[in-house]
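Good morning, colleagues. Please take a moment to look at the sequence and the model before I begin.

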Amino acid sequence: MTTASIVALVLLLAVAAYACAGGTDYGAGFWDLTAGGAERGKRPRWLIDHAMAPVWEVNNVWLIFVLVIMWTGFPVLFQTVFSSMWLPLALAAVGLVLRGAGFALRKPIKRVAGRRLYGAMFAVSSLLTPYFLGAAVGGIASGRVAPGTVASAQAWANPTSFFFGLLTVTATAFLGAVFLSCDAERWDAPDLVGYFRRRALASLAVAAVLGVAALFVVPSDAPHLWSGLTRGGGLVLALVAVVCTVATALMLLRGHVRWSRFTAVGVVAASVIAWGVAQRPYLIPTSLTVEEAAGAPSTLVWLLVVTLVAVLLVGPALVLLYWLDTHAELESLSESDLRQVGGGSPAGSE
């Protein structure tokens with residue numbers, strides 16, 4: 001295995017990590033959008049706020065990691081993708097900014113109109129951002145971009161991009177619903193356990209339908225990807241994703257929501273890695289191989305060194321953060337908690 005191949009593997013694993021961690025946050029925003037009016041959606045949005053608050057910023061670390069590896073390790077890939085599909089990627093970047101601003105500002109703002117505005121920014125951006133990211137991936141997977149390709153709508157507005165965009169949104173909704181049902185169980189909210197469990201099953205059903213529909217599109221629209229998914233490592237990983245899908249559905253139907261988190265992550269992670277493996281030896285089928293896109297050998301070596309240092313320094317902190325979050329150790333203090341600590345009324349309540 002060459003140094004460039006190892007860096008490409010690290011890039012693929014980082015993309016899978018962002019798809020799972022960031023996808024869960026996007027999914028929570030999707031269910032915030034569909035929760036209904038102020039009164040009807042009050043309980044689901046309460047849970048979404050409490051579940052996302054500790055980790056929503058740190059999940060974007062994976063996206064930064066992906067971008068750093070792309071422009072440092074594979075500068076030709078970075079230039080090709082961002083020059084030929086700048087519009088969907090720019091819209092995704094704007095969505096990331098508006099989503100973060102909306103989530104951060106909708107709670108402290110006092111005016112109802114302001115809360116609704118920032119809440120809408122957060123919810124709508126949680127839908128559009130993953131769609132545009134998925135559409136861009138579809139443009140890569142179908143080989144519609146290549147070094148020197150001029151930016152055009154055809155690069156990201158095509159059948160494969162359309163299905164990838166919809167599958168990305170559906171996958172984020174599925175992950176969000178599964179994790180929110182676990183959070184509801186942890187916070188002893190049985191009504192919300194059932195609420196999000198039903199939505200997780202519905203998302204899984206939609207993803208299955210889209211997957212079947214893609215069988216009629218991908219073979220002709222992305223033949224190299226299809227060939228890779230029907231043999232070797234791509235096929236194995238695709239089957240792993242199918243097994244995890246069935247296991248997640250069974251656990252959700254039987255009410256074992258706590259363990260369904262692991263198989264749900266397995267569905268998305270195996271799907272993303274299957275896509276990357278199916279494209280071998282290309283980063284962009286069939287115009288740019290891993291070796292052709294790679295930077296200088298010395299740069300790749302130092303990139304791996306820096307990656308190892310980052311894993312050793314940042315990895316334990318991320319693991320600890322996720323462990324604390326999933327074990328309800330990062331809950332914010334309630335008003336009653338403040339009274340107990342301070343021995344009286346919270347400041348400004350009198």
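The span of residues 232-252 is 100% helix and 0% strand, and its end C-alpha atoms lie 31 Å apart. I should say at once that this is a predicted model. The span is one of those that UniProt, in an unreviewed entry, lists as "transmembrane region". The other spans under that name are 85-105, 117-141, 161-180, 201-220, 259-278 and 300-324. Among them, residues 117-141 are likewise 100% helix with 0% strand, and 36 Å separates the C-alpha atoms at the two ends.

The record also marks the start of the chain: residues 1-19 carry the feature "signal peptide", again from an unreviewed entry. In the model, that span is 89% helix and 0% strand, with 25 Å between its end C-alpha atoms.

Let me turn to the interior. Which residues touch the most other members of the largest nonpolar core? They are W31, L180, F196 and L225, in a core of 51 residues. Helix 1, helix 2, helix 6 (112-141), helix 7, helix 8 (190-214), helix 11 (232-253) and helix 12 each contribute at least two residues to this core. Helix 7 provides the largest share, with 12 residues. A second, separate core has 29 residues, including M70, L77, F132 and L288.

L225 deserves a closer look. Beyond its neighbours within four places in sequence, L225 is in contact with A141, F164, V218, W275 and A278.

Next, consider L47, which belongs to helix 2. Why does L47 count as buried? Its relative accessibility is 0%, so it falls in the buried class. Setting aside residues up to four places away in sequence, L47 touches L180, D183, A184, W187, L192 and F196. Two of these, L180 and F196, were named a moment ago for their contacts within the largest core. As for W31, it stands 16 residues from L47 along the chain, and their C-alpha atoms are 11 Å apart.

Not every buried position I wish to show is a leucine. D32 is part of helix 1. It has a relative accessibility of 3% and therefore counts as buried. Apart from neighbours within four places in sequence, D32 is in contact with R45, I48, R106, G119, F122 and A123.

T160 is found in helix 7. Here the relative accessibility is 1%, so T160 is also classed as buried. With residues up to four places away in sequence left out, T160 touches G138, S142, R144, V217, D221 and A222.

I close with a pocket. How much space lies in the second largest pocket? The volume is about 1200 Å³. Its lining comprises 44 residues, and A17, A21, N59, W62 and Y322 are those nearest the centre. Helix 1 (3-33), helix 2 (42-52), helix 3 (61-73), helix 7 (159-186), helix 12 (257-278) and helix 14 (297-326) are the elements that give two or more residues to this lining. Which helix gives the most to the lining? It is helix 14, with 13 residues. By residue class, the lining of the second largest pocket divides into 31 nonpolar, 7 polar and 6 charged residues.

Technical notes. Residues numbered from 1 in each chain as written. Predicted model: local features only at pLDDT ≥ 70, side-chain atom pairs only at ≥ 80, totals over all residues. Heavy atoms only, no water. UniProt positions renumbered as here; feature names shortened; annotations may be inferred. Helix = DSSP H or I, 4+ residues; strand = E, 2+ residues; numbered from the N terminus. 1 Å grid on protein atoms, 1.4 Å probe; cavity = no way out; pocket = protein on both sides within 12 Å on 5 of 7 lines; lining within 4 Å. Points joined across faces, edges and corners; volume = space filled by probe spheres on them. Nonpolar A, V, L, I, M, F, W, Y, C, P; charged D, E, K, R; others polar. Buried < 20%, exposed > 50% of the residue type's maximum accessible area, 1.4 Å probe, protein only. Contact = heavy atoms within 4.5 Å. Core = buried A, V, L, I, M, F, W, Y, C linked by side-chain atoms within 4.5 Å.
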